[in-house]
Structures are given as C-alpha cells and as structure tokens.
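Please open the structure in your viewer and keep the selection tool at hand. The tour goes from one selection to the next and says what is found at each stop.

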Amino acid sequence: MTRAELDKNPGDVAAMFDDIAARYDLANDVLSLGQDRLWRRAAVNAVDAYSGELVLDLAAGTGTSSESFTARGARVIACDFSLGMLRVGAQRRGGASRRGVTLVAGDALRLPFADETFDAVTISFGLRNVADTAQALRELRRVTKTGGRLVVCEFSHIPVAALDRLYGHYLMGALPLIARRITGRSAAYEYLSESIEAWPDQATLARMLQDAGWSRVAWRNLTLGVVALHRGVRAS
C-alpha cells in the first residue's frame, strides 16, 4: 500500500487512507480503547451547533461522527480528500446526503467553498495530516462567517515528560502491530505514530491558530493531554 511520509504529500496521504477505509473506524475504537468516541463527543459539545447553523466537518473520513453535529438541527458538510473514505461513508449511510449530513470531496488547502459560508468549522485528527498547517487554518478562517467558531481536536503531548515518553513507546512500537491485526496494514499506523511524535505541543498549536487570524484561542487537554481540544473565533 501507499505509505505517506512526514512531508505529507496529499496524494500519498489520500491513497493511504483509501487503503484502510473499510476498517478505519473499527481500528480507531480498538487502538484508543474506545477513547476516540469520548474525544469526538467533546469536539461536538465544543462546537455546540444548533438549528439553522451550517457546520463544516473537515477531514470527516467516512462521516461516522458528522451526524452528531445535527442533534439540535444543524446541517453538516462532511468534507474529506480521501475518496475511499467518502465512498465507504456513502455506502454505509445509504447515500452521500442523508439525515442532515452531506459528504463532499475537498482539499483542506483549497476548500471548495465560498468565503464566510459556515457558522462553525471543525477538524478532528486531520490537521496533523495536511502538508501546510498554517494554510489549512487560514482556509478554515476564510470559509467561516464573522463571529463563527473553530474547534480542532488533535493528538498532542502529555505535559509530564516521563508519561509522554511512555506514550511515545506505545505509539512507535505497539500501535502499528495492533493495527496490522485489525486492518491487515501497518504502514498507515507507522505514519500515524511518527506524525503524532512530530506534531507541536498545545501552546505551539495555539500560537499557530493566532497567527492564522483566529481570536480568543484556548485549549484544554483530554485524556491527560494525549489529545487536545483547541478553540478559536473569527472576530472580523
């Protein structure tokens, strides 16, 4: 299978996720010991979407979690650049536009939406996979209405150095082996481990959001800092 490297060539990343699309959601549940559901629920609560709003769920994969944003009547565009993921999602949901969620193919660096389209934008476990993080954050701001909000849910770093090193050993050693048992593939999860290790810490990502034009930037740790939830607002 295609194995993306840390230069994050978009074609390689998309092809890699295409290859594991069918068992991606199951693998996430197993590898995170079910924590991924709690993390995604925290992102949904932070977005706090309500009736009449339009939400962009970027890097939505199969769109499995996108429907959660519709609980109070919001509509959701679930966008991803992996056609394999989107196909699996459409097959599972009985179509590309069902129950308030519409699946759309798109690149985070060149979003196929007009300026100030969305009331809220969110990306979970996908910002780490784009080739240019700063450009993706600017694109997300461009398509957000003035006063709209951003929520980023992403793997991060445990503030206690000893625990972070222990977690790093799990990422680099055990995680790819477990993933091979579940998906028959390990290359995607070797990349996953390396990309988490190379990802900036919470404070650095917060500065990147501010540099991209987001205001009122804040974050909180989930599961000791294994994941961090960053928030921002488009002030003008």
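What follows is a series of stops on a predicted model, ordered by helix, loop and salt bridge.

**Stop 1: helix H5**

Select residues 133–142, which form helix H5. Which residues of H5 are buried? They are Thr-133, Ala-136, Leu-137, Glu-139 and Leu-140. These residues lie on the same side of H5, because they cover an arc of only 160 degrees around the axis. To see what that side packs against, add strand S1 (54–58), strand S5 (118–124), strand S6 (144–155) and helix H8 (202–211) to the selection; the buried residues of H5 pack against these elements.

Now go to the N-terminal end of H5 and show Asp-132. Asp-132 caps this end of the helix, with a side-chain oxygen 3.3 Å from the backbone nitrogen of Ala-134.

**Stop 2: a salt bridge between S6 and a loop**

Keep S6 on display and pick Glu-154 together with Arg-128. The two form a salt bridge, and their closest N and O atoms are 2.4 Å apart. The pair links distant parts of the chain: Glu-154 belongs to strand S6, Arg-128 sits in the loop between S5 and H5, and 26 residues separate them. Are these partners buried or exposed? Glu-154 has 1% relative accessibility and therefore counts as buried. Arg-128 is buried as well, since its relative accessible area is 2%, against a cut-off of under 20% for buried.

**Stop 3: helix H4**

Select residues 83–93 for helix H4, then highlight its buried residues: Gly-84, Met-85, Leu-86, Val-88, Gly-89 and Arg-93. Around them, display helix H1 (10–20), helix H2 (24–31), S2, S3 and S4, against which the buried residues of H4 pack. Step past the helix to Gly-94, which follows H4 and has a positive phi, near 75 degrees.

**Stop 4: a network that includes Arg-93**

Stay with Arg-93 and add two more residues. Glu-67, Arg-93 and Arg-99 are linked in a network of salt bridges. Within this network, the side chains of Arg-99 and Glu-67 meet in a salt bridge of 3.1 Å, N to O. Arg-99 lies in the loop between strand S3 (97–98) and S4, and Glu-67 in the loop between S1 and S2, so the pair ties together parts that are 32 residues apart in sequence. Arg-99 counts as partly exposed, at 48% relative accessibility. Glu-67 also counts as partly exposed, at 28%.

**Stop 5: Asp-48 and Arg-72**

The count for the model comes to 10 salt bridges. One more to select is that of Asp-48 and Arg-72, whose side chains meet at 2.2 Å, N to O. This pair links distant parts of the chain, with Asp-48 in the loop between H3 and S1 and Arg-72 in the loop between S1 and strand S2 (75–80), 24 residues apart. Asp-48 is partly exposed, with a relative accessible area of 41%. Arg-72 counts as partly exposed at 47% relative accessibility.

**Stop 6: Arg-40 in helix H3**

Move to helix H3, residues 35–47, and select Arg-40 within it. Which residues does Arg-40 contact, leaving aside its neighbours within four places in sequence? Show Asn-28, Ser-65, Ser-124 and Phe-125, which are its contacts on that basis. Arg-40 is buried, because its relative accessible area is 19% and the cut-off is under 20%. For a distance to the previous stop, pick the C-alpha atoms of Arg-40 and Arg-72: they are separated by 16 Å, with the residues 32 apart along the chain.

**Stop 7: Arg-110**

Next, go to the loop between strand S4 (101–105) and S5, where Arg-110 is found. Arg-110 is exposed, with a relative accessible area of 60%. Its side chain makes a polar contact of 2.9 Å with the side chain of Asp-107. Draw a line from the C-alpha atom of Arg-110 to that of Val-152; the separation is 18 Å, and the two residues are 42 apart along the chain.

**Stop 8: a nonpolar patch**

Finally, switch to a surface display and select Val-160, Leu-163, Leu-166 and Leu-224. They make a nonpolar surface patch of about 400 Å². Within the patch, pick Leu-166, which is found in helix H6 (residues 161–183). Leu-166 counts as exposed because its relative accessibility is 56%, and the cut-off for exposed is over 50%.

Technical notes. Residues numbered from 1 in each chain as written. Predicted model: local features only at pLDDT ≥ 70, side-chain atom pairs only at ≥ 80, totals over all residues. Heavy atoms only, no water. Patch = residues over 30% accessible without salt bridge, like charges linked within 9 Å, V, L, I, M, F, W, Y side chains within 5 Å. Areas by Shrake-Rupley, 256 points an atom, 1.4 Å probe, with all protein chains shown as cover. Salt bridge = Lys/Arg side-chain N within 4 Å of Asp/Glu carboxyl O. Helix = DSSP H or I, 4+ residues; strand = E, 2+ residues; numbered from the N terminus. Buried < 20%, exposed > 50% of the residue type's maximum accessible area, 1.4 Å probe, protein only. Arc of directions from axis to C-beta. Contact = heavy atoms within 4.5 Å. Polar contact = N/O pair within 3.5 Å; in protein donor to acceptor, adjacent residues only side chain to side chain.
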